[in-house]
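Biologist: Can you take me through how the two chains meet, and then a pocket?

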Amino acid sequence: MEVMFWLAAAAAVLLGLGVILARQPVHAAIALVGVFLSLGVLFLLLHLQFLGIVEVLVYAGAIMVLFLFVITLLTSGRQPLEERRETDLPAQLSSGVGLVALLLALLVYGLVGKGALGVPPHVAYPQYGDLIPFGAALFTQYLFPFELTALVLLVAAIGVILLGRERRSGG
Amino acid sequence: MRIPTSYFLVVSAILFALGTVGVLVRRNPLLMFMSVELMWNAVNLTLAAFARQFSGMGGQVFIFLVVTVAAAEVAIGLAIIVSIFRHREIVDVDQISTMKG
């Protein structure tokens, strides 16, 4: 089981690097799909059965398809590569590396300094992460946020339709 | 079952940092958007790790809601990018500086 974790974690990190370093948008999109699949594996390792499948279905199956549609329809394969402003690159990279160092330092302080590194994982009940308890909670205790997300999706759909209309020349 | 929570937190922190660097370094709006997606997924992994640690149903529902809201936001964001692209092809978000103060 540990081997799966190391493989999925390494794949997620390497493909994440591929997303931010790829020259072509389609390569970055494929790398991001790989990140979602690796994260689906990591969710399954955390006993989250339904959410692992949801992650792959919704993110890799719907959102990235939308991304790829927009990339391929808008740029039509003649995507010019991003020019990189050479004067800004050292500042960008150093700020990025600084941010990574800060995050990892905070994490190390929280884990090692406070003694949380060796805390054993804890799964209270055997059906943790199963679909039926999750569905029961979603439709009873968390019904109101669920209905609100339905409203959010409705607003998003209306917004996309409005934004996609052909602009009259007066707009 | 035997993988400590801190391992997942480290992976999540690295992915979040990669996403942030991607947003800062990239200048194509679609690629910036993809880096923001990477950040969301890092946060989802943190939520999932802590949900297992504390066996909370709220953590799982939170992940579900984050995925839904991220999907809605991607739809609207891509619609905005498409409507900007209609006028001219954008490879550098610095070209869209009409609102610059």
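Modeller: One term before the chains: a salt bridge here is a side-chain nitrogen of Lys or Arg within 4 Å of a carboxyl oxygen of Asp or Glu. Also, this is a predicted model.

Biologist: How many salt bridges does the rule find across the interface of chain B and chain A?

Modeller: The rule finds zero salt bridges across that interface.

Biologist: And how many residue pairs are in polar contact between chain B and chain A?

Modeller: Four residue pairs, with both residues at pLDDT 80 or more.

Biologist: Which helices of chain B supply the side that touches chain A?

Modeller: α1 (5–25), α2 (29–54) and α3 of chain B each supply at least two residues of that side. The largest share comes from α3(B), with 21 residues. By class, the side of chain B that touches chain A has 45 nonpolar, 15 polar and nine charged residues.

Biologist: What area is buried between chain B and chain A?

Modeller: About 7,100 Å², and carbon and sulfur atoms give 74% of that. In residues, 69 of chain B are in contact with 83 of chain A.

Biologist: On to the pocket. How much space lies in the second largest pocket?

Modeller: About 170 Å³.

Biologist: Which residues line the second largest pocket?

Modeller: Chain A residues in the lining include A:L66, A:F69, A:V160 and A:G164. From chain B come B:A75, B:L78, B:A79, B:V82 and B:R86. The lining divides into ten nonpolar residues, one polar and one charged.

Biologist: Which helix gives the most to that lining?

Modeller: α3(A), with five residues. Both α3 (49–75) of chain A and α3 (57–85) of chain B supply at least two residues each.

Conventions: Residues numbered from 1 in each chain as written. Chains lettered and ligands numbered in written order. Predicted model: local features only at pLDDT ≥ 70, side-chain atom pairs only at ≥ 80, totals over all residues. Heavy atoms only, no water. 1 Å grid on protein atoms, 1.4 Å probe; cavity = no way out; pocket = protein on both sides within 12 Å on 5 of 7 lines; lining within 4 Å. Points joined across faces, edges and corners; volume = space filled by probe spheres on them. Helix = DSSP H or I, 4+ residues; strand = E, 2+ residues; numbered from the N terminus. Nonpolar A, V, L, I, M, F, W, Y, C, P; charged D, E, K, R; others polar. Contact = heavy atoms within 4.5 Å. Buried area = accessible area lost by both parts, 1.4 Å probe. Polar contact = N/O pair within 3.5 Å; in protein donor to acceptor, adjacent residues only side chain to side chain.
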